[in-house]
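Colleague: I'm new to helix packing and would love a close look at one part of this model. Could you walk me through a place where two helices meet?

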Amino acid sequence: MSFRVATEPGAPGRPNEDFAAATATSAVLLDGVSAPPGVDTGCVHGVARYTRGLGALLLAGADAGLPLREALEEAITTASALHADTCDLRNQESPSATVVAVRVDTDGLEYLVLSDSVLLVEGADGVRVLTDTRLDVLRGELARQGRQEEAVRSYRNVADGFWTAGADPRAAGEALAGTLPVGRFTAMTDGASRAVDVFGDLDWGEAFALVSDRGPRALLRRVRDLEAADPERRKHPRAKGSDDATVLAWTPGD
């Protein structure tokens with residue numbers, strides 16, 4: 001079983017806070033959540049290091065056969081313990097990440113999705129889109145109330161808010177999880193999915209087809225071209241002109 005991965009930072013020389021890795025049966029994709037410049041995170045290690053550590057722990061648990069929610073809960077608990085003595089994990093801006101995890105075996109394709117990274121799975125009825133929409137719903141509600149985007153952060157990892165994998169292992173219970181028939185799949189961070197949900201240049205089926213036919217790198221090139229065509233972010237408003245972007249894909253029989 002082989003996986004195809006493409007990843008790149010949002011700008012040259014900037015740390016890539018995405019992470020993707022795979023074993024023979026399992027794969028994980030994480031997108032580190034950055035605090036705005038000048039905001040204290042309470043952590044001396046940084047988002048990229050946290051995301052890589054959490055991703056490695058999650059992949060180990062998934063490959064060992066743990067149910068994916070349990071694997072994520074254990075990974076968060078261990079990752080938090082590793083820097084609890086040096087960092088303030090009570091700080092809401094403490095490093096965290098969105099998560100996609102997948103395991104393929106004879107029983108099917110087991111998946112877990114937390115926050116706004118996207119998993120596309122091909123089935124008999126077409127491409128199924130699996131993503132946690134709570135963040136989008138919250139942003140829409142705050143916009144209707146006339147509240148600033150900064151207010152979104154105060155709703156992270158709290159009841160009636162949205163969840164990411166940070167210091168609180170309860171986030172694992174908030175993830176979408178289930179099992180589907182085995183089929184081709186593509187996972188992507190929001191830096192790659194913006195070709196669909198920010199720029200509207202592709203629909204989900206077209207994005208899936210592009211990755212399946214031409215590989216993950218083709219979608220990243222598409223995104224970078226779209227970003228370059230709107231450098232002032234006027235036509236397509238977005239928090240970052242260019243974001244870290246990662247795509248991971250698998251096809252049975254590869």
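Modeller: Happily! Gly191, Ala192, Arg194 and Ala195 in α4 meet Leu219, Leu220, Val223, Leu226 and Glu227 in α6, where contact means heavy atoms within 4.5 Å. By class, this contact of α4 with α6 has six nonpolar, one polar and two charged residues; Ala, Val, Leu, Ile, Met, Phe, Trp, Tyr, Cys and Pro count as nonpolar, Asp, Glu, Lys and Arg as charged, and the others, Gly among them, as polar.

This is a predicted model, in which local features need pLDDT of at least 70, side-chain atom pairs count only at pLDDT 80 or more, and totals for chains, interfaces and linings use all residues. Residues are numbered from 1 along each chain as its sequence is written, and side-chain values use heavy atoms, with hydrogens and water left out.

Now for the geometry. α4 and α6 pack at an angle of about 70°, with their axes 9 Å apart. The two helices are therefore roughly perpendicular to each other (a label for angles of 65 to 115 degrees). Their crossing is left-handed, that is, the near helix is turned anticlockwise from the far one by less than a right angle.

Let's follow α6 itself. Helix α6 (residues 216-228) has 13 residues and reaches 19 Å from its first C-alpha to its last, close to the 18 Å expected at 1.5 Å a residue. Its buried residues (under 20% relative accessible area, 1.4 Å probe, protein chains only) include Leu219, Leu220, Val223, Leu226 and Glu227. Besides α4 (190-197), the cover over the buried residues of α6 includes β1 (3-8), β9 (185-188), α5 (204-214) and β10 (245-250).

Terms used:
Helices (H or I, at least four residues) and strands (E, at least two) are DSSP runs, numbered from the N terminus. The expected span of a helix is 1.5 Å times one less than its number of residues. Buried means under 20% relative accessible area, exposed over 50%, partly exposed in between (1.4 Å probe, protein chains only). Axes are lines fitted to C-alpha atoms, for helices over the stretch in contact, and angles run from 0 to 180 degrees between N-to-C directions. Angles under 35 degrees count as roughly parallel, over 145 as roughly antiparallel, 65 to 115 as roughly perpendicular and the rest as oblique.
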